[in-house]
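Thanks for coming. I will go through the empty spaces in this model and then the packing around them.

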Amino acid sequence: MRFAHILLAVLAVTIWGFNFVVIKIGLQGMPPLFFTTLRFIFAALPLVFFVPRPAVRWELLVGWGLMQFAVQFGLLFVGMKLGMPAGLSSLVIQLQAFFTIGLAWWLLKEKARFTQLFGAGIALAGMGIVAWHLDTPSTLIGLMLVVGAAVAWAVANVLTKQMKAVHPMSLVVWGSLIAVPPLFATALLVEGPRSMAVALGAMNTLSWATVLFQSYPNTLLGFGIWSMLMRRYPASQVAPFALLVPVAGMLSGTLVLHEGMEPWKVTAGVLVLAGLTLNQFASRLRGWIARIVVRT
């Protein structure tokens, strides 16, 4: 990858990592599905009136908007509402990188190297540590929902690979618009109009700030960068960058929300990052070692 694109990938995942803290703060005063709906309303409006629809097939656009936004974040927000901490949620959802590699191998015939599979195994060991230390039923359900969100993200990544050249901002804005109706309908059904109205009436400056952060830097900027990178490079090369999200997420959760940084959390995080390093840099490391061997 070009160095400038590596920096863009790091910027996107840093925003996403801090966003888990923003989500946790926003969920203190809002039902999760209604919160998610507001996020995508503002991400879509008013830009959808000024940004042309992306030149992709409708089924790809609708599928991407539903999986990338409606399903992923509906499951994530509910999972965090059920007790998943911000830092751990930012760690668990990175299973999407390995789901993406598997789906790209299965559906797109992209090759998965042994080092990528080995890195996935190391990271999954970290996820096992997380699951082992969740001792309440509601948090365990929350964990499963966040894993489901990771699957939805991986499906969206594969759909992105099926698209030809498309403007990232156009894709994100129209994808946000597509996500609003199913999210709003589900919020009405599950949370009820009364709870939604009460939450809307009680929103203060902090509440609106969490919604707008979700909509603009996190959704429009972050996913615009991500979509552009997924189109330019193999999924197996881009997806592992998202494993840097837990670094920002866990540090932000500790500094802002005072979430504990127990040894098992550190161990899980180290394993996940080790998996990322192996996925992203193993080929370069082999080349570097080979050159040293030849010279000696």
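I start with what counts as a cavity: on a 1 Å grid over the protein atoms alone, a cavity is a set of points where a 1.4 Å probe fits but cannot get out, and a lining residue has an atom within 4 Å of a point. A pocket is an open set with protein on both sides within 12 Å along at least five of seven lines. Grid points are joined across faces, edges and corners, and a volume is the space filled by probe spheres set on the points.

Two remarks on the source. This is a predicted model, in which local features need pLDDT of at least 70 and side-chain atom pairs count only at pLDDT 80 or more, while totals for chains, interfaces and linings use all residues. Residues are numbered from 1 along each chain as its sequence is written, and side-chain values use heavy atoms, with hydrogens and water left out.

How many cavities of 30 Å³ or more does a search of the whole structure find? There are 2. The second largest holds about 50 Å³ of space. Its lining consists of Pro-85, Gly-87, Leu-88, Met-250, Gly-253, Thr-254, Glu-259, Gly-260, Met-261 and Lys-265. At least two of these residues come from each of α4 (86-92) and α12; helices here are DSSP runs of H or I, at least four residues long, numbered from the N terminus. The largest share is that of α12, with 3 residues. By class, this lining has 4 nonpolar, 4 polar and 2 charged residues. Nonpolar covers Ala, Val, Leu, Ile, Met, Phe, Trp, Tyr, Cys and Pro, charged covers Asp, Glu, Lys and Arg, and the others, Gly among them, are polar.

The largest cavity has about 100 Å³ of space. It has 14 lining residues, and nearest its centre are Trp-16, Phe-20, Gln-72, Phe-73 and Trp-153. Two or more lining residues come from each of α1 (3-26), α3 and α10, and α1 has the largest share, 4 residues. The classes are 9 nonpolar, 4 polar and 1 charged.

Next, the largest pocket, with a volume of about 150 Å³. Pro-246, Val-247, Met-250, Gly-269 and Leu-273 are the closest to its centre among 13 lining residues. Met-250 also appears in the lining of the second largest cavity. In the pocket, α13 gives the most, 6 residues, and the lining divides into 11 nonpolar, 1 polar and 1 charged.

Now the packing. Ile-93 touches Phe-20, Gln-72, Leu-76, Val-146, Ala-149, Ala-150 and Trp-153, leaving aside residues up to four places away in sequence; contact means heavy atoms within 4.5 Å. Among these partners, Phe-20, Gln-72 and Trp-153 are also listed nearest the centre of the largest cavity.

Last, the aromatic rings. The structure holds 10 aromatic pairs, a pair being rings of Phe, Tyr or Trp (its six-membered ring) with centres within 6.5 Å, stacked if the planes are under 30 degrees apart, edge-to-face if over 60 and tilted otherwise. One of them, Phe-42 with Trp-208, is edge-to-face, at 5.8 Å centre to centre and 85° between the planes. Phe-42 is in helix α2 (residues 32-44) and Trp-208 in helix α10 (residues 205-232), so this pair ties together parts 166 residues apart in sequence. Phe-35, Phe-40, Trp-64, Phe-69, Phe-73 and Phe-77 form one aromatic cluster.
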